[in-house]
Amino acid sequence: MNTHARVSDQLAEKFKTEKETPYTRFLKDEGLELINGNYVPSLHEVELKPWARRGGNAVFMNHDASRTTNDCYVMEIPAGGKLEPHRQLFEETVLILSGRGSTVVWDDKGNRTSFEWGPGAIFGIPLNANHQHFNGSGTEPARYIGVTNMPPLMNVFEDPNFLFHTAYDFEGRFSGEPDYFAESKQMQGLLLETNYVADAVNLPLVEAKERGAGGGHIRFQLAKCSMNSHISQFPVGTYKKCHRHGPGAHVIILSGEGYSLMWPEGAEPKRYDWKPGSMIVPPNMWYHQHFNTGTTPARYLAFKYEGVAIRNEQGVPKAWISQRIGGDQIDYADESDLVRTMFADSLAENGLESKMEPAYEAEKADLPPKG
C-alpha cells in the first residue's frame, strides 16, 4: 500500500493556511530562514542570517512534522565573540560542529557553573536556565546545531516574551551544581547518565546486535529533558537494519562516509549520500536504512523527540522489533534485492567488498517465523 498520500493541488490549497503556525510566524518575525531539514548535505556549509535576539548568525531547519514536535537550528558565534545571555521555556540539546569555546549557566539565585567545549561535544541546556555561549577563538567562528522542542510551546503560548523572559528556576532540572556538566560513566543498560559528553566521535559504545551488523550504541537523556538522543556506529562494509518510527529524529553524521535510503511504504527508496556534518531527518513512519561505504567505521548522533520511539507494552521501541512479530524493523532476510545490489555496487566503486555475511548468518538464530 502506498501511503505517500499525494493529493490534488486544489485540495492542498484548501489547507494551505493551516501550514502556518505561531511558531513559523515567530521565525519570520525574527528575520530567519526556514529551510527543509529532511536532508542537509553539510551543516558546516548551510547559509546563515543574523539573529539579533541571540547575537549570532543562524538558520532553522524543519522536517515534515516539526511545526508540532521538534525543530533544529544551526548557530554560528563570531570569532572573538559571544552570544547574548538567554533563557527559554523549552528544552535544547546541542552538538558542537566546529570551534572551541565555553558556556556559562546560572539560575536566578545566582548559582553559576561553566564548562568548555570543542568539536564533537554534546550537552543539554537545562530548562529555563540562563546561559551564554562564548567563542574561545579570536580568528575562527564556532558553529553548533541545537535541537529543541520550541514548536509546540510557541504554538501553545504564542508569546515570545513569555518563553524567553519568564523568571522561574526549575530546581529539579538545575540548581547550579558545580559538577553538572562533568562527564559521567554511569550506565543503566544502554543509557549513559550524563549532561555532557566531551567527544561524541570517540566515545566508547555498547554492543547492540539487535540493530544488526555488529554495531555499537549508547543512549542519553541530557539535562533531564523529555527529548532523548543516541549514538550508533557500524563497521566498514556493513549496514544497519531498515526500520521506521515517528518524526523528528535528527541523524547527524559524526564520522565515516556512506548513504541512507528513505521511503514511505509502497514507494521506491531514494538515496541520500552523507559524510561528517551531513544530517538526515526521516519523515514520519518512513522506512530508512544507513550504509557504510567508506574505509572507516561510520558513526552518527540522533537527537530526537521521545514521541519518535513508538514502544510495545514492554517498553521496547518498535523500531528494534521485527516486522514479523508486529514491530517496525525489517530483518535482513526480508529486505529487497535492491538493497544488497546497490550496496555491493557502491562498495565496488571504492574498491571494497561487503562484510555482511556474518550478520546475515547471526540473524538466523533469533529470526521469528513469518506470520
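Begin with the whole protein chain in view: among its contacts between residues at least 6 apart in sequence, 73% join residues at least 24 apart. The model is a predicted one, and its secondary structure comes to six helices and 25 strands. Displayed as a C-alpha trace, the protein chain spans about 60 × 55 × 45 Å along its principal axes. Its radius of gyration is 21 Å, which agrees with the value near 21 Å that a compact globule would have with 371 residues. If you colour by accessibility, 54% of the 371 residues count as buried.

**Helix α2**

Select residues 22-29, which form helix α2, and pick out P22, Y23, T24, F26 and L27, the buried residues there. To see what covers them, add β1 (34-36), β4 (56-62), β5 (71-77), α3 (150-157) and α4 (160-165), since the buried residues of α2 pack against these elements. In an α-helix there are 3.6 residues a turn, so residues three or four places apart point the same way. Following α2 you reach G31, whose phi is positive, near 75°.

**The hairpin of β7 and β8**

Move next to residues 101-106, strand β7, which runs antiparallel to β8 and is joined to it by six bridges. A useful pair to label is S102 and E116, which stand opposite each other, the latter in β8. The two strands form a hairpin with five residues between them, and in the turn G110 has a positive phi of about 95°. Turning to β8 itself (residues 112-117), compare its two faces: T113, F115 and W117 make up the covered face, whereas R112, S114 and E116 lie on the uncovered one.

**Strand β9 and its partners**

Select residues 122-125 for strand β9, where I122 and G124 point one way and F123 and I125 the other, and where all are buried. Bring in strand β6 (residues 92-98), which is antiparallel to β9 and joined to it by four bridges; in this pairing E92 stands opposite I125. Then add strand β14 (residues 196-197), which pairs with β9 in the antiparallel sense over two bridges, with Y196 of β14 as the bridge partner of F123.

**The cavities**

Switch on a cavity display, in which the count comes to three cavities of 30 Å³ or more. The largest cavity holds about 210 Å³ of space, and of the 19 residues that line it, H230, H243, H245, K304 and W320 are the closest to its centre. For the elements around the largest cavity, select β16 (216-220), β17 (227-234), β23 (287-292) and β24 (298-305), each of which supplies at least two residues of the lining. The largest share, three residues, comes from β24. Coloured by class, the lining of the largest cavity divides into nine nonpolar, seven polar and three charged residues.

The second largest cavity has a volume of about 60 Å³. Select W51, R54, F60, Y73, H86, Q88, F90, E92, T148, M150 and F164 to show its lining, which by class has six nonpolar, three polar and two charged residues. Among these lining residues is E92, already visited as the residue opposite I125 in β9.

**Two loops with positive phi**

Most residues other than glycine have a negative phi, and two residues are worth a stop for that reason. Go to K224 in the loop between β16 and β17, where phi is positive at about 55° although the residue is not a glycine; at 49% relative accessibility, K224 counts as partly exposed. Then select M285 in the loop between β22 (279-280) and β23, which has a positive phi of about 60° and is likewise not a glycine. M285 counts as partly exposed, with a relative accessibility of 24%.

**E335**

Finish at E335, placed in the loop between β25 (329-330) and α5 (337-349). Is E335 buried or exposed? It is buried, because its relative accessible area is 11%, which falls under the 20% cut-off. Show the residues around E335: leaving aside neighbours within four places in sequence, E335 is in contact with Y239, Q289, I330, R340 and Y360. As a last distance to draw, connect the C-alpha atoms of E335 and K209, which are separated by 18 Å and lie 126 residues apart along the chain.

Terms used. Residues numbered from 1 in each chain as written. Predicted model: local features only at pLDDT ≥ 70, side-chain atom pairs only at ≥ 80, totals over all residues. Heavy atoms only, no water. 1 Å grid on protein atoms, 1.4 Å probe; cavity = no way out; pocket = protein on both sides within 12 Å on 5 of 7 lines; lining within 4 Å. Points joined across faces, edges and corners; volume = space filled by probe spheres on them. Nonpolar A, V, L, I, M, F, W, Y, C, P; charged D, E, K, R; others polar. Buried < 20%, exposed > 50% of the residue type's maximum accessible area, 1.4 Å probe, protein only. Pairing = 2+ DSSP bridges. Rg over C-alpha atoms; globule rule 2.2 N^0.38 Å. Contact = heavy atoms within 4.5 Å.
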